[in-house]
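Hi everyone, thanks for coming. Let me put the structure up, and then we'll walk through it piece by piece.

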Amino acid sequence: MDLQDAHDWFVDVLQEISVQFQKVPGSAIFLRYVKSSYQNDPIRSAVELFLFLFAVRYLLAPKYSTSKKSYVKLTDEEIDELVDEWAPEPLVAPQTAFEEAENEKRPVVVGPTGPKSKLLNGRTVTNVASYNFYNLSSNESLKEKAIQTLRTYGVGPCGPPGFYGTQDVHMKTEADIASHLGTSACIVYAQAFSTISSVIPAFSKRGDIIVADKAINFAIRKGIQISRSSIRWYEHNNMEDLQNVLASVVKEQAKKPLTRRFIITEGLFENIGDMVNLAKVVELKHRYKFRLILDETWSFGVLGRTGAGVTQHQGVNVREVDMLVGSLAGPVCAGGGFCAGSNEIVEHQRLSASAYTFSAALPAMLATTASEVLSMLESNTEMVNQLRENIRTMWAQLDPRSEWVRCSSASENPIVLLVLKPEVVASRKLGMSDQEQLLQEMVDEALNNGVLMTRLKSMPRGINVTAKEVGWELQPALKVCITTGLTRKEIERTGTVIRHAITKVMKARR
């Protein structure tokens, strides 16, 4: 067969294939598609051909078995030996002897928690261990309003806010909080702790940068951990160090892709009690182009003329704070938490914040209680003034008159934290466990004299976690919560009992 014969045979074969292909249903459509796609975009045709050949190669590739045993088979005796040797790590560290002793003699309150509380052993004591700052637990009008709401709406909505859980009282509470703070919008969560720990990961993701105060509370730390963002710490309430950290971050990110950057701090710090310099933080935020998340868990309802928080107290425009997070379970004496800000900030959380999306909505009676308390704070500023007067009275009995302890809290903070003075710690070479032991003895001594107070406590470190990894060491302290439910004389007597208990324990341990 010469070349011409071969060519004719090849042409005949192609024609026969074409005839047979045209008999296939849909072949004409396929041919028109190939011709039009090649004319309009030949590169696309080449890519599709490559994918077709890859699919054919994948389908015709030899199969392999995943059941082939590529490991060493152990005998039953070896398996039993390995099982016996394996010891799982505990989920939590075992209790120390000090913790066991503390739990055994922990006082139990019977009935409502008020300024005067009855213990399980029958004694009635002065209670400065609860967050009943305005003695709202004894307010009969609040109780009656809560009972009416309970009868109307039931115990709880039994559904997430986005799935039949939102009720009209929730919308009213959100509007009341936004109006009280002066923000555009607000969103209410069912639990205070999970509010900040959901707000942070709703906005900050992996690759974003968070600059945070070393003394932030445990809930904020969990939110940062969940977000998986890059974290930079600055020394507690040190604005100069904050500026250095912000400048360092901006310099590092100058030639990198743009990321979201946040500053996170507290209004009144839970672990120390002092107050943030919000005006300076806002100034640095604008200078270095960061967003600000402010946790007002302990300042909302306490600071400011009407309890609107640190923004009102320090005269800072609330709109300068991108996200203002607070609690309705502490000073407001209700339940849940909130995040206030712009409409965009709030609406984003309704689909992106896990605690809002996947948790049952706040019980209606707690939402109503929060709205009623905010109304009381706005209409009766004497409540806040009386609380501050009681704080000053307690301070006069403790901080300047004790040679052993000093108050680390801000003078407007109703949670008075008393820490041992540095010279006392240094002269007696007291470690953290020694300080905790001394403070617990002071708590016990005060209780023996009719005053119920407590110690500052935080979540323990994880197993095998060092202080360097934590980034900050919690200073042991006594916690004294001031309330307007006690008269001036009762506050003075309580302060005297606490001061004498401190002195007695310290002199006995010389």
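Okay, so let's begin with a sheet of seven strands: it is open, with mixed pairing, and the order runs β4-β10-β9-β8-β7-β5-β6. At the edges you'll find β4, residues 185-189, and β6, residues 230-234, and each of them pairs on one side only. Going from one strand to the next, the twist averages 20 degrees. And yes, before anyone asks, this is a predicted model.

Now zoom in on two of those strands. How do β8 and β9 pair? Strand β8, residues 291-296, and strand β9, residues 323-327, run in the parallel sense, joined over four bridges. If you want one spot to click on, take D295, whose bridge partner in β9 is V325.

There's a helix packed on this sheet too, α11, residues 239-252. It touches β5 (209-213), β6 and β7 (261-266), and its direction makes about 150 degrees with that of β6.

Next up, another sheet. This one has four strands in the order β1-β2-β3-β13, again open and with mixed pairing. The strands β1 (109-110) and β13 (451-452) are at its edges with a single partner strand each, so one side of each has no neighbour in the sheet. Have a look at β1 and its pairing with β2, residues 116-119: that one is antiparallel, over two bridges. There, V110 sits opposite K118 of β2.

Right, on to a pair of helices. The axes of α9, residues 193-203, and α14, residues 343-352, come within 10 Å and cross at roughly 100 degrees. An angle from 65 to 115 degrees counts as roughly perpendicular, and therefore that's what we call α9 and α14. Which residues make the contact? From α9 we have V199, A202 and F203, and from α14 there are I345, H348, Q349 and S352. Sort the residues of that contact by type and you get four nonpolar, three polar and no charged.

Last topic: cysteines. How many disulfides does the structure hold? Zero. Take C407, which is in no disulfide: the nearest cysteine sulfur belongs to C481, 12 Å away. Why doesn't C481 bond with C407? Because 12 Å between the sulfurs is too far for a bond. And are these two buried or exposed? C407 counts as buried because its relative accessibility is 10%, and C481 is buried as well, with a relative accessible area of 1%.

That's my tour, thanks for listening!

Note on methods
Residues are numbered from 1 along each chain as its sequence is written. This is a predicted model: local features need pLDDT of at least 70, side-chain atom pairs count only at pLDDT 80 or more; totals for chains, interfaces and linings use all residues. Side-chain values use heavy atoms; hydrogens and water are left out. Two strands pair if DSSP finds at least two bridges between them. Axes are lines fitted to C-alpha atoms, for helices over the stretch in contact, and angles run from 0 to 180 degrees between N-to-C directions. Angles under 35 degrees count as roughly parallel, over 145 as roughly antiparallel, 65 to 115 as roughly perpendicular and the rest as oblique. Contact means heavy atoms within 4.5 Å. Ala, Val, Leu, Ile, Met, Phe, Trp, Tyr, Cys and Pro count as nonpolar, Asp, Glu, Lys and Arg as charged, and the others, Gly among them, as polar. A disulfide is a pair of cysteine sulfur atoms within 2.5 Å. Buried means under 20% relative accessible area, exposed over 50%, partly exposed in between (1.4 Å probe, protein chains only).
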